[in-house]
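Trainee: I would like a close look at a single part of this structure. Please take one strand and its surroundings, and then go on to whatever else is worth describing.

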Amino acid sequence: MTRELEAIEPSGRFSNYGPVNTRLEQALVRDLFGGSGACVTVCNATLGLMLAIRQAVDAARHPAARRAPAYALMPAFTFAATAHAALWCGLTPLLCDIDPESWIACPEAERALVERYGEAIAVIVPCTTFGCPVDRAHYEGLAASIGAAIVVDAAAAVGTRDADGLSVGTGWRAPSVFSMHATKPFATLEGGFVYSADPDRILGLRAMANFGFDGARSAIMPGLNAKMNEVTAAMGLARIEAMPDILLHRETLAGAYRALLPELMFQDCRAVSQAHVFLPALLPRSVPGGRAALIRRAAQAGIELGTYYAPHLGDQPYFRETCLRGDLPVTDDVSARIVSLPLHEGLALRDVRRVATLIKEACL
């Protein structure tokens, strides 16, 4: 990476899809998607979602996009960026419940909202919650039934692989938006990228991310500035080489947590290899003092436990005012009991055993 950084200044290219960024995009397509399709980097995944949703809805020329309200169907159990991106595109997030085992959107809950709101739903936004892949055939059928677009929020899925060793979204024309935020296994401080099997779709997103310019410096489409700079791209190139070792280490730690903590419920994810940002788990309802007491006890021991996603979107003040929600009984339960166990490259198995011991004692 040092050589890449040293070469950037004399090149005079610091942004605007420079040569380092181009190499990163090529490496992503080659290493994650088997050389199929295309991708464009963005300075963060939230902007990537905003661009992809706007492009997808405009391209579908969906009647709902021309009247209000128009909805973006998504799970309530996800990060705020998903809802914010839809709102910035002039859509109202329509929040559905999740599956009690996989914690991704519940197909029955989605179908119920599709039956109720029909063609008022302009876009469906599946979320790869904690890196768990979604069912492509289900979403293609659901979207086709109402003429909606699809944009996949795959923010946490860089590194999740199928049986062929390929990433989430491979071969799918619907755009998938990935994050390279500092919290992710594939981390570049900030950053992200959008993948699609349709190179023309990516060309359009590339122009939109550059102020809507296409060739000359004249806007011909909606746009904003979402370009990745060359320094961040250099970090991405360095990180992609280290990814196999990073993912293996995280999977080893996740396996140890699962073995040591049968008291907890872990996500049922059908991926062959799942990228782990951290390790979410559900606490038993019988934990003395509940989750808050456990988190305080861990903090006193120098252990930081997270609570993603709690509160869920339907319980956050701004989204209560700006979103519509279906019935969310599973989301409410999961959000109330979930705890995120530490998982990163600096963690060792002895650290996992220490965390597990504390949680076991707290559950008694």
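Mentor: What follows starts from one buried residue and its strand, then turns to a second sheet and to the largest pocket.

The model is predicted. Take V42, which lies in strand β1, residues 38–42. Is V42 buried or exposed? Its relative accessibility is 1%, so V42 counts as buried, the cut-off for that class being under 20%. Leaving aside residues up to four places away in sequence, V42 touches G48, L51, G191, G192, F193, A226 and M228. Two of these contacts, G192 and F193, belong to strand β8, which covers residues 192–196.

Strand β8 pairs with β1 in the antiparallel sense, through five bridges. Within that pairing, T41 has F193 of β8 as its bridge partner. Strand β7, residues 176–179, is also antiparallel to β8, and four bridges join them. Here S179 stands opposite G192. How many residues of β8 are buried? Five of its five residues are. On one side these are G192, V194 and S196, and on the other F193 and Y195, so both faces of β8 are covered.

For a second region, consider I338. From V42 to I338 the separation is 296 residues in sequence and 31 Å in space, C-alpha to C-alpha. Strand β14 spans residues 338–341. An open sheet of three strands holds β14, in the order β11-β12-β14 with antiparallel pairing. β11 (265–266) and β14 are the edge strands; each has a single partner strand, so one side of each lacks a neighbour in the sheet. Between β12, residues 279–282, and β14 there are four bridges, and the two run antiparallel. In this pairing A281 faces V339 of β14. Helix α11, residues 329–337, packs on the sheet and touches β12 and β14. The direction of α11 makes about 45 degrees with that of β14.

β14 also has a part in the largest pocket, where it is one of the elements that each supply at least two lining residues, along with α3 (45–60) and α4 (80–88). The largest contribution among them comes from α3, with three residues. The pocket holds about 780 Å³ of space. Its lining has 36 residues, and T183, K184, V277, F278 and Y308 lie nearest the centre. By class, the lining divides into 18 nonpolar, 14 polar and four charged residues.

Note on methods: Residues numbered from 1 in each chain as written. Predicted model: local features only at pLDDT ≥ 70, side-chain atom pairs only at ≥ 80, totals over all residues. Heavy atoms only, no water. Pairing = 2+ DSSP bridges. Contact = heavy atoms within 4.5 Å. Axes fitted to C-alpha atoms, helices over the stretch in contact; angles between N-to-C directions. 1 Å grid on protein atoms, 1.4 Å probe; cavity = no way out; pocket = protein on both sides within 12 Å on 5 of 7 lines; lining within 4 Å. Points joined across faces, edges and corners; volume = space filled by probe spheres on them. Nonpolar A, V, L, I, M, F, W, Y, C, P; charged D, E, K, R; others polar. Buried < 20%, exposed > 50% of the residue type's maximum accessible area, 1.4 Å probe, protein only.
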